[in-house]
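Thanks, everyone. I will go through one strand and its neighbours, then step back to the whole chain. Please have the structure open.

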Amino acid sequence: MSGRDPLCPPHRARQGAALTLVFAGVIVAGAVTGAFPDPDHPAPRTTTPVPVSAVRDESVRDAAARAMADGTSPMEAAERAVSRSGDRWGAVYSEGEYQEFQDSLDGRYTGVGLSTAREQDGRIEVTGVRPGSPAAAAGIRTGDRLRSVDGVRADGLPVTEVVARLRGDPDDAPAGTTVTLGLQRGTRAWTRTLRRATLTTDSVSVRRLSARATLIRVAAFTKGTGARVREALRAAPAGAGIVLDLRGNSGGLVTEAVATASAFLDGGLVATYDVDGAQRALHATPGGDTGRPLVALVDGGTMSAAELLTGALQDRGRAVVIGTRTFGKGSVQMPTNLPDGSVAELTVGHYRTPSGHAVDGRGITPDLEAGDGVLRRAETVLTGLGEAD
């Protein structure tokens with residue numbers, strides 16, 4: 001399991017709830033297309049039954065309003081109401097936390113520039129250092145062991161918790177605040193205090209695997225990701241196959257996941273979803289590159305919008321999916337503004353792949369299971385796909 005600073009949940013948010021926001025981009029899309037109801041302009045009242053999500057929404061709002069009138073914390077009251085509702089992915093975020101998430105979707109975030117992974121023995125290892133970041137300036141290198149964050153032992157912690165501690169609470173730890181890291185390289189152990197900074201994300205990276213294979217890694221679906229994938233496709237050598245690496249991709253803007261699907265498809269269905277029982281659909285735009293052999297790499301960290309993309313490419317017969325079963329986050333959340341400025345994210349529906357496969361709680365099973373040596377397996381499959389063409 002691995003993690004990066006971008007799109008990581010704030011430390012104070014519940015870990016399970018933090019995974020909801022990575023699919024929140026579909027709400028952005030819905031606001032533009034009219035696919036979702038506008039909370040500020042409710043639809044005319046009808047005699048149809050009130051949706052469960054609307055009842056839940058009103059319950060959370062009422063709890064927050066009562067707390068505010070009583071002089072207690074509206075956010076804590078809303079959190080209790082969400083917990084009682086049984087909404088697995090429901091969560092409440094402070095105004096600062098929610099703004100931080102919006103910034104991350106714009107490709108900006110507060111952090112120190114480290115990517116980390118948890119080894120099998122529970123140790124946390126640095127897997128990447130962003131050039132020009134505070135971590136790079138401090139001399140931290142890939143392969144260093146992260147022993148502690150602000151005195152809290154890192155070994156055994158979920159990566160999401162480690163990265164959240166690196167970033168800090170957005171209400172109390174903005175850019176300019178410090179975080180102290182305990183590090184180890186070989187037999188040398190030391191501590192270093194870094195100053196957090198506002199950084200930009202590189203959601204798409206490209207490297208040549210061989211003359212006949214180009215790897216495009218999509219770390220998250222931030223704004224512009226789809227366009228960058230198209231650019232990478234155009235720049236790839238003629239006839240080269242593509243390895244689309246979605247491992248560890250926790251999601252992001254659904255509009256960008258659909259734009260990425262459009263880069264590989266010539267129109268057609270990407271996914272269906274429901275909002276309070278009303279069925280909707282997402283379609284790719286025509287004109288994508290359908291000729292290049294394509295392999296998609298996934299793992300247990302492939303979530304939400306990344307699963308939506310994987311399901312589309314797999315069901316449409318466009319890609320061979322290699323790796324391990326994906327996370328299984330296929331629910332749709334809608335934001336609800338609370339009286340104190342905090343935001344509740346509540347589940348309103350679920351999405352399915354083009355063939356009707358429900359992702360939530362199940363994930364996507366790859367066509368070929370592979371762990372170690374997955375890139376070699378991908379290149380072998382690409383060669384076979386190329387020969388078949």
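Start with strand S5, residues 124-129, which runs antiparallel to S6 and is joined to it by 2 bridges. On the S6 side, Arg145 is the bridge partner of Glu125. Keep in mind that this is a predicted model.

S6 also pairs with strand S8, residues 178-185, in the antiparallel sense, and here there are 4 bridges. In that pairing Leu146 stands opposite Leu183.

Then there is strand S7, residues 152-153, antiparallel to S6 over 2 bridges. Ser148 has Arg153 in S7 as its bridge partner. S6 and S7 make a hairpin with 2 residues between them, and Asp150 in the turn has a positive phi of about 50°.

So is S6 enclosed or not, and why? It spans residues 145-149, and 4 of those 5 residues are buried, so the rest of the structure largely encloses the strand.

Now the cores. The largest nonpolar core has 41 residues, and Ile216, Leu244, Phe264, Val270 and Leu308 have the most contacts inside it. A second core, separate from that one, has 19 residues, including Ala135, Ala138, Leu146 and Val162. Leu146 is the residue we just saw opposite Leu183.

Back to Phe264: leaving aside residues up to four places away in sequence, its contacts include Val229, Leu233, Ile242, Leu244 and Arg318.

Finally, the whole protein. There are 11 helices and 20 strands. Of its 389 residues, 52% count as buried. Among contacts between residues at least 6 apart in sequence, 70% join residues at least 24 apart. The accessible surface comes to about 17000 Å², with 49% belonging to carbon and sulfur atoms.

Methods
Residues numbered from 1 in each chain as written. Predicted model: local features only at pLDDT ≥ 70, side-chain atom pairs only at ≥ 80, totals over all residues. Heavy atoms only, no water. Core = buried A, V, L, I, M, F, W, Y, C linked by side-chain atoms within 4.5 Å. Buried < 20%, exposed > 50% of the residue type's maximum accessible area, 1.4 Å probe, protein only. Contact = heavy atoms within 4.5 Å. Areas by Shrake-Rupley, 256 points an atom, 1.4 Å probe, with all protein chains shown as cover. Pairing = 2+ DSSP bridges.
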